[in-house]
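Open the structure in your viewer and keep the selection tool at hand. The stops below say what to select next and what is there.

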Amino acid sequence: MNGTDATVKRWDENSDQFQLVAGEGRLLRKEVSLLKTMTCKQLGGPCDFVLHGISADEVIKAQDSHLQEMVATGDETHQGALKDMKGRWKNPISGMSWYRKTKRDFAALSDD
Ligand SMILES: [Zn+2]
C-alpha cells in the first residue's frame, strides 16, 4: 500500500501549505492596518526609499537591510548612512538618542 501512503502524505503537505498561506494572509491584513511609513531620508539615509513597519524597531530593521542591500549593489551614497547605523549599535549613548528620536518620530506619524 505504498502508493496510497504517498498520496496521503502529498495531500497532508498541500493542506499544511494552504493553512500556512491562510495564516500569513491573516497576519498580513492585521499588520497592514497598523503599518506606518518612514523614508530612508527620515532615518538618516540619502534617498526617498519608503519603509513600512508596525513599530519603530521594524522600520529601523527595514532601513538597516535597505542600507546593506544598497551598499551591496555598489551604491556609494548609502555607505555613510550604513556606517552611522552600524556605529549606533557600537555606541550606546549616541545610538540611544537617535533611537529615541526615531521612536518619537515614528509615534508622531499617523497610520497609513
Ligand atoms: Zn536609501
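## First stop: the cores

In this predicted model, select Met-38, Cys-40, Leu-43, Leu-51, Ala-56, Val-59, Ile-60 and Phe-106: these eight residues form the largest nonpolar core. Helix 2 is the main contributor to this core, giving three residues. In soluble globular proteins, nonpolar side chains tend to be buried together.

Now select Phe-106 alone. Leaving out residues up to four places away in sequence, Phe-106 touches Lys-36, Met-38, Ala-56 and Val-59. Another core lies apart from the one that holds Phe-106; this other core has five residues, including Leu-67, Met-70, Leu-82 and Met-85.

## Second stop: the whole chain

Clear the selection and colour by secondary structure. The protein has four helices and two strands, and along the sequence they follow the pattern α-β-β-α-α-α. How many of the 112 residues count as buried, as a percentage? The share is 18%. Taking the contacts between residues at least 6 apart in sequence, 33% join residues at least 24 apart.

## Third stop: helix 2 and helix 4

Two packed helices are described by the angle between their axes and the distance between the axes. Select helix 2 together with helix 4, which covers residues 92-108. The two pack at an angle of about 115°, and their axes are 9 Å apart. Helix 2 is therefore roughly perpendicular to helix 4. Their crossing is right-handed.

To see the contact itself, show Ala-56, Val-59 and Ile-60 on helix 2, and Thr-102, Lys-103 and Phe-106 on helix 4. By type, the residues of this contact between helix 2 and helix 4 are four nonpolar, one polar and one charged. Ala-56, Val-59, Ile-60 and Phe-106 were also selected at the first stop, as part of the largest nonpolar core.

## Fourth stop: helix 2 and helix 3

Keep helix 2 (residues 56-72) and add helix 3 (residues 79-90). What is the angle at which helix 2 and helix 3 pack? The angle is about 135°, with the axes 9 Å apart. Helix 2 is therefore oblique to helix 3. Helix 2 passes helix 3 in a left-handed crossing.

Show the side chains where the two helices meet. Asp-64, Leu-67, Gln-68 and Val-71 belong to helix 2, and they meet Gln-79, Ala-81, Leu-82 and Met-85 of helix 3. Five of the residues in the contact of helix 2 with helix 3 are nonpolar, two are polar and one is charged. Leu-67, Leu-82 and Met-85 are also among the residues of the five-residue core.

Conventions:
Residues are numbered from 1 along each chain as its sequence is written. This is a predicted model: local features need pLDDT of at least 70, side-chain atom pairs count only at pLDDT 80 or more; totals for chains, interfaces and linings use all residues. Axes are lines fitted to C-alpha atoms, for helices over the stretch in contact, and angles run from 0 to 180 degrees between N-to-C directions. Angles under 35 degrees count as roughly parallel, over 145 as roughly antiparallel, 65 to 115 as roughly perpendicular and the rest as oblique. A crossing is left-handed if the near helix is turned anticlockwise from the far one by less than a right angle, and right-handed if clockwise. Two residues are in contact if their C-beta atoms, placed from the backbone, lie within 7 Å. Ala, Val, Leu, Ile, Met, Phe, Trp, Tyr, Cys and Pro count as nonpolar, Asp, Glu, Lys and Arg as charged, and the others, Gly among them, as polar. A residue is buried if 20 or more other C-beta atoms lie within 10 Å of its own, exposed if 12 or fewer, and partly exposed in between; C-beta atoms are placed from the backbone. A nonpolar core is a set of buried Ala, Val, Leu, Ile, Met, Phe, Trp, Tyr and Cys residues joined through C-beta atoms within 7 Å.
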